[in-house]
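User: I am new to reading protein models. Could you take me through one, feature by feature?

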Amino acid sequence: MADAQKPSGPSSGPVSSSPGSGHSSGGSTDTSSSGTVTSVSDTEPARKSGPLHTPHGDTTIEETVVQKLAGLATREVPGVYAMGNTARRVFSSMTERIPGSQTNVSNGVSVEKGERQAAIDVSIVVEYGYSIVEVSQGIRRNVIRSVENATGLEVLEVNVNVTDVHLPEDDSDDDQDANKKPSDRLE
């Protein structure tokens with residue numbers, strides 16, 4: 001049976017690509033049943049599909065929405081003391097003192113978003129005594145679940161950058177600074 005019968009003609013099924021055959025593997029040409037080759041750009045573009053693209057309309061999601069969802073999901077994980085690098089945390093603590101200002105839940109979150117997928121980077125400070133590996137895994141699970149359920153986007157990756165470890169002594173130093181008597185020169 002080595003000499004199997006080969007179908008011939010344009011309507012005989014898929015045409016394999018080979019150099020010089022006139023058909024590219026990139027899908028840029030289409031052969032109709034009459035043998036006419038047409039460019040895909042000449043035909044109607046394929047309709048996007050997915051939870052954000054329906055026959056009744058499209059839904060777009062801004063990066064800030066994904067940032068906030070990821071920030072909230074990260075803060076829910078036990079062992080996360082704070083988010084962002086040192087400079088960003090200092091800036092945020094100053095702006096939170098302004099009357100009427102809101103807490104920036106997207107602090108320490110960076111997002112790259114396409115139409116259907118997102119990649120998320122978070123920067124955190126881990127509470128001393130927690131396993132960084134377990135906290136990171138918890139963040140990934142929580143962020144992926146939260147963002148995918150809320151937005152319909154596929155989260156490709158969640159990168160966790162641990163910028164510091166919060167030590168118990170750090171809280172006691174802050175309490176002592178608050179209880180210190182102000183200098184006599186500042187009256």
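User: Let me start with a helix. What should the 20 residues of helix H3 span at 1.5 Å a residue, and how far apart are its end C-alpha atoms?

Analyst: One thing to know at the outset: this is a predicted model. Now the helix. The expected span is 1.5 Å times one less than the number of residues. H3 covers residues 132-151, so it should span 28 Å, and its end C-alpha atoms are 28 Å apart. The two values agree.

User: How many residues does H1 have, and how far does it reach from its first C-alpha to its last?

Analyst: H1 has 13 residues and reaches 18 Å. That is close to the 18 Å expected at 1.5 Å a residue.

User: Let me step back. How many helices and strands are in the chain, and in what order do the elements run?

Analyst: Count the elements, then walk along from the N terminus. The chain has four helices and eight strands. Their order is β-β-β-β-α-β-α-β-β-α-β-α.

User: How do I read burial? What share of the 187 residues is buried?

Analyst: Use relative accessible area: under 20% is buried, over 50% is exposed, and in between is partly exposed. Here 23% of the 187 residues are buried. For the surface as a whole, the chain exposes about 13,300 Å². Carbon and sulfur atoms supply 50% of that area.

User: Back to H3. Which of its residues are buried?

Analyst: The buried residues in H3 are Val135, Ser136, Gly138, Ile139, Asn142, Val143, Val147 and Thr151. Look at their directions around the axis. They cover an arc of only 160°, so they sit on the same side of H3.

User: Which exposed residues does the face turned away from that buried side carry?

Analyst: That face of H3 carries Val133, Glu134, Arg141 and Asn149.

User: What do the buried residues of H3 pack against?

Analyst: They pack against helix H1 (63-75) and three strands: E5 (80-83), E7 (117-127) and E8 (154-166).

User: Which residue follows H3, and what is its phi?

Analyst: Gly152 follows H3. Its phi is positive, near 80°.

User: Now try H1. Which of its residues are buried?

Analyst: Val66, Gln67, Ala70, Gly71, Ala73 and Thr74 are buried in H1. Their arc around the axis is only 165°, which puts them on the same side of H1. What covers them includes E5, E6, E7 and H3.

User: Can we look at single residues? Where is Val77 found, and what does it touch?

Analyst: Find the element first, then the accessibility, then the contacts. Val77 is in the loop between H1 and E5. Its relative accessibility is 9%, so Val77 counts as buried. Leaving out residues up to four places away in sequence, Val77 touches Val135, Gly138, Ile139 and Asn142. Those four are among the buried residues of H3. Sequence distance and spatial distance are separate readings. Val77 and Arg140 are 63 residues apart along the chain, yet their C-alpha atoms are separated by 9.7 Å.

User: Is Val111 buried or exposed?

Analyst: Val111 lies in strand E6. Its 7% relative accessibility makes it buried. Beyond its neighbours within four places in sequence, Val111 is in contact with Glu63, Val66, Gln67, Ala119 and Ile120. The C-alpha atoms of Val111 and Ala70 are 9.0 Å apart, with their places 41 residues apart along the chain.

User: And Ser106: where does it lie, and what does it touch?

Analyst: Ser106 lies in the loop between helix H2 (86-96) and strand E6 (109-113). At 15% relative accessibility, Ser106 is buried. Apart from residues up to four places away in sequence, Ser106 touches Gln67 and Lys68.

User: What about the chain as a whole? What share of the contacts between residues at least 6 apart joins residues at least 24 apart?

Analyst: The share is 66%.

User: Last, the surface. Which residues make a nonpolar surface patch?

Analyst: Tyr128, Ile132, Val165 and Leu167 make one of about 330 Å². Take Val165, in strand E8. At 31% relative accessibility, Val165 counts as partly exposed. Asp164 is in strand E8 too. Its value is 36%, so Asp164 is also partly exposed.

Terms used:
Residues are numbered from 1 along each chain as its sequence is written. This is a predicted model: local features need pLDDT of at least 70, side-chain atom pairs count only at pLDDT 80 or more; totals for chains, interfaces and linings use all residues. Side-chain values use heavy atoms; hydrogens and water are left out. Helices (H or I, at least four residues) and strands (E, at least two) are DSSP runs, numbered from the N terminus. Buried means under 20% relative accessible area, exposed over 50%, partly exposed in between (1.4 Å probe, protein chains only). Contact means heavy atoms within 4.5 Å. Accessible areas come from the Shrake-Rupley method with a 1.4 Å probe; for residues, only the protein chains shown count as cover. The arc is that of the directions from the helix axis to the C-beta atoms. Patches are made of residues with over 30% relative accessible area and no salt bridge: like charges are joined within 9 Å, nonpolar side chains (Val, Leu, Ile, Met, Phe, Trp, Tyr) within 5 Å. A salt bridge is a side-chain nitrogen of Lys or Arg within 4 Å of a carboxyl oxygen of Asp or Glu.
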